[in-house]
Amino acid sequence: MTNISKKKIYYPIGEPLRKYLHEYDRETRLPVTYQDLTRISGAYPLLDRNGRDTLWETVFYEPSTLQELAAGLTEVYALLKTDGDLSFSEHLLTDRIDYCRFGNSNPFRVRIVNQFNDNYDYFYVKRADASRVYGLELEHILSPNSINYLVSGDSLIEEHIAGIPGDDFIRDHLQRPHLNQVRIAKEFVKFNERCFARLLGDMRAYNYVIDVTPDFEDEQYRVRAIDFDQQSYEGKKTMYLPQFFKDNRAVVQLCSKLLTGESIRQYQTEERTLMARRARAERYRLKDLMDCMRPDELSTPEKTTILQQELNQHHHTTQFNRCRTMGDIVRLNLRLMLGRPRPE
């Protein structure tokens, strides 16, 4: 089982990253901030449809505070979805606000309901931690998934990523007769490769979802990260490989059972090739991001040194000795995994 720091250090957004966010249309002014949502009057546990504790609490506010927040949150949703076009917001209602005390980010989850048809959607309000923002940007640039988020001051607004939570999928779906287990195993191998290439950590089962898409003959699956809090923070290499987390063991066993070593290498190569193509297509944006990330403080010197040593051993190189920050390490790891490595 992989060891993880109990509480991640919060790293504020610096001026270079702030300029990057402005340049790439990620920064805006918000009518409601994370701090505004902390004016809670009370809360009660939120249970799922089977009566299990979700680790979320539904929070409530004083009536005047709620009225102010509800209007502002509807506007935030419009900024996220329609670039601030409020003409659609008259029939939208802030239906519920949930809060999670578990983990590092302590997010708020807001449910927005369309009063015309009762359809609902979610978005999240979090503290704008720098490593989380780097994680979101790397996901947007290098993964097959577009990421929609906004930053304002110390507040981060994230779009809801739809899918079956990984822990629910492993518990309730993995052994279903109709499930194409080979495709699930293949997608987990690819997900494992994506996480390790850009050093996204802590992909335990509740930090990713399974996106299921019906195909004309079967189902297609995609494993998507939903929590980017542990972007290049931990020192242990295994932290960045989902295969080493205990609650992913059932999927790892499925991979071992159904996939040959040659098939696993094929899927790893396929995913690296796709990431390399995305990196080339977005090379200027990726360079701008790395220029912000490399001098930024995103972890402790002790963790940085440990990861240097472990990645040197993994890649059979000494090039990581020249890295001074986690940003340096991410850049070099991407270069070694997605491109032609430079000579020693």
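Is threonine 54 buried, partly exposed or exposed? I began my notes on this predicted model with that residue, and I found that threonine 54 counts as partly exposed because its relative accessibility is 25%, where the partly exposed class lies between 20% and 50%.

**Entry on strand S2.** I placed threonine 54 in strand S2 and then listed its contacts, which, with neighbours within four places in sequence left aside, are Leu46, Leu47 and Asp48. I also looked up its separation from isoleucine 13, which lies 41 residues away in sequence, and the C-alpha atoms of the two are 30 Å apart in space.

I went on to leucine 55, which belongs to strand S2, a run covering residues 53–60. Its phi is near 70°, and I noted this as a positive value in a residue other than glycine. Leucine 55 has 44% relative accessibility, so I recorded it as partly exposed.

Threonine 58 is also in strand S2, but with a relative accessible area of 5% I entered threonine 58 as buried, since the class requires a value under 20%. Setting aside the neighbours within four places in sequence, I found threonine 58 in contact with Gly42, Ala43, Tyr44, Leu46, Arg96, Ile97 and Asp98. The C-alpha atoms of threonine 58 and leucine 37 are separated by 12 Å, and these two residues are 21 residues apart along the chain.

**Entry on serine 232.** I looked for another positive phi and noted serine 232, where the angle is about 45° although the residue is not a glycine. I located serine 232 in the loop that runs between strand S10 (219–225) and helix H7 (249–258). Is this serine 232 buried or exposed? I found 0% relative accessibility for serine 232, so it counts as buried.

**Entry on leucine 142.** I then turned to helix H4, which spans residues 130–142 and contains leucine 142. Leucine 142 is buried, and I wrote down a relative accessible area of 2% for it. Which residues does leucine 142 contact, leaving aside its neighbours within four places in sequence? I listed Arg198, Met275, Arg278, Ala279, Leu286 and Leu334. I also checked glycine 201, which is 59 residues from leucine 142 along the chain, and I found their C-alpha atoms separated by 15 Å.

**Entry on the nonpolar cores.** The largest nonpolar core holds 72 residues, and among these I noted Ile184 and Tyr208 as the members that touch the most other members. For isoleucine 184, not counting residues up to four places away in sequence, I recorded that it touches Phe169, Leu174, Leu179, Ile210, Tyr221, Val251 and Leu254. I found a second, separate core of 22 residues, which includes Leu37, Val76, Val110 and Val125; the leucine 37 listed there is the residue whose C-alpha atom I had found 12 Å from that of threonine 58.

**Entry on the whole chain.** I counted 11 helices and 10 strands in the chain. The radius of gyration is 21 Å, close to the 20 Å that the globule rule gives for 344 residues, so I described the chain as being as compact as a globular protein of that length. Taken along the principal axes, the box filled by the C-alpha atoms is roughly 65 × 50 × 35 Å.

I noted that 52% of the 344 residues are buried. Among contacts between residues at least 6 apart in sequence, I found that 69% join residues at least 24 apart. The chain exposes about 17400 Å², and carbon and sulfur atoms supply 48% of that area. My last check was on the charges: there are 49 positive and 51 negative ones, and I found their mean positions to be 7 Å apart.

Note on methods. Residues numbered from 1 in each chain as written. Predicted model: local features only at pLDDT ≥ 70, side-chain atom pairs only at ≥ 80, totals over all residues. Heavy atoms only, no water. Helix = DSSP H or I, 4+ residues; strand = E, 2+ residues; numbered from the N terminus. Rg over C-alpha atoms; globule rule 2.2 N^0.38 Å. Buried < 20%, exposed > 50% of the residue type's maximum accessible area, 1.4 Å probe, protein only. Contact = heavy atoms within 4.5 Å. Areas by Shrake-Rupley, 256 points an atom, 1.4 Å probe, with all protein chains shown as cover. Lys, Arg positive; Asp, Glu negative; His and termini not counted. Charge placed at Lys NZ, Arg CZ, Asp CG, Glu CD. Core = buried A, V, L, I, M, F, W, Y, C linked by side-chain atoms within 4.5 Å.
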